[in-house]
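Student: Please take a close look at one part, the interior, and explain how its pieces fit together. I am new to this structure, so please explain the terms as they arise.

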Amino acid sequence: MSHICTRVNIATKVPETPISPLLACPVSAHDHHSHADGFCPVKGITHAYCPPQPTDKRSPCPALNTLANHGFLPRNGRDIGPIAIFQALRDGYQLSFFLAAFIAFGGWFILGQLRKVSLWDLSRHNCIEHNASLFHLDAHNEDEYAPTGVNKSLMRSSLHQGGQYLRGHMTLEDVANIRIKREAELRRAFALVAGRDRAG
């Protein structure tokens with residue numbers, strides 16, 4: 001890509017009908033169908049947007065979820081290997097060979113997988129997924145997997161805190177500050193729990 005976008009307009013109203021960030025192709029979220037074998041019977045072999053269906057798997061990573069929603073990865077989010085992620089990053093985001101390889105195979109090494117996985121496997125806590133996400137709740141207690149759904153309260157809070165450096169836009173500086181605040185909240189919560197355990 002010739003440039004990297006470092007700000008997002010947060011003043012624009014979110015449309016009720018999902019719009020593809022790649023192809024701007026609306027699809028009704030209520031038009032449920034099956035993505036059996038990773039194929040979309042509605043959009044065919046195109047890379048048009050189709051929202052995840054009830055049985056599809058998605059990860060905590062919006063970039064990989066977008067690739068699945070556009071068919072660069074299997075639309076059902078299942079049976080995915082590092083080569084498939086490497087090729088999807090190359091085709092969908094035009095990443096360089098070395099960056100795509102580093103992300104795909106480095107992530108596989110961190111995840112510790114020797115087989116194909118679903119996108120949901122990437123939510124295994126403290127492998128690639130981590131606490132203090134801007135939009136996802138933290139893993140509870142000894143849960144092996146963290147929630148992958150967007151928490152609307154966290155999303156509203158993050159969007160409300162944006163625009164500090166450029167009015168109406170979420171900049172990298174905003175994201176960094178919000179992340180620091182989330183980590184501070186997490187440390188306070190851990191300290192509170194630890195204090196209660198010692199008192200008990």
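Tutor: A residue counts as buried when its relative accessible area is under 20%, as exposed when it is over 50%, and as partly exposed in between (1.4 Å probe, protein chains only). By that standard, 38% of the 200 residues of the protein chain are buried. The model is predicted, so local features need pLDDT of at least 70 and side-chain atom pairs pLDDT 80 or more, whereas totals for chains, interfaces and linings use all residues. Residues are numbered from 1 along each chain as its sequence is written, and side-chain values use heavy atoms, without hydrogens or water.

The protein chain has five helices and two strands (DSSP runs numbered from the N terminus: helices H or I of at least four residues, strands E of at least two). Their order from the N terminus is β-α-α-α-α-β-α. Among contacts (heavy atoms within 4.5 Å) between residues at least 6 apart in sequence, 41% join residues at least 24 apart.

The interior is best approached through its largest nonpolar core, which has 19 residues. Such a core is a set of buried Ala, Val, Leu, Ile, Met, Phe, Trp, Tyr and Cys residues joined through side-chain atoms within 4.5 Å. L64, L67, L73, I85, L89 and L119 have the most contacts inside this core. Helices α1 (62–69), α2 and α3 each contribute at least two residues to the core.

Helix α1 is largely enclosed by the rest of the structure, because six of its eight residues are buried. These are L64, N65, T66, L67, A68 and N69, and they pack against α2. L67 illustrates the arrangement: leaving aside residues up to four places away in sequence, L67 touches F72, L73, A88, L89, G92 and Y93. After α1 comes G71, with a positive phi near 80 degrees.

The next pair to examine is α2 (residues 82–93) and α3 (residues 97–111), whose axes come within 9 Å and cross at roughly 150 degrees. The axes are lines fitted to C-alpha atoms over the stretch in contact, with angles from 0 to 180 degrees between N-to-C directions. On the α2 side, P82, I83, I85, F86, L89 and R90 take part; on the α3 side, F97, A100, A101, I103, A104, F105 and W108 do. By class, this contact comprises 12 nonpolar residues, no polar residues and one charged residue. Here Ala, Val, Leu, Ile, Met, Phe, Trp, Tyr, Cys and Pro count as nonpolar, Asp, Glu, Lys and Arg as charged, and the others, Gly among them, as polar.

The cysteines complete the picture. C50 is buried, with a relative accessible area of 1%, whereas C61 is partly exposed at 29%. The sulfur of C50 lies 3.8 Å from the closest cysteine sulfur, that of C40, which is too far for a bond. Zero disulfides (pairs of cysteine sulfur atoms within 2.5 Å) are found in a search of the whole structure.

Burial also occurs later in the chain: R182, in helix α5 (residues 172–199), is buried at 12% relative accessibility. In contrast, Q164, in the loop between α4 (152–161) and β2 (169–171), is exposed, with a relative accessible area of 59%.
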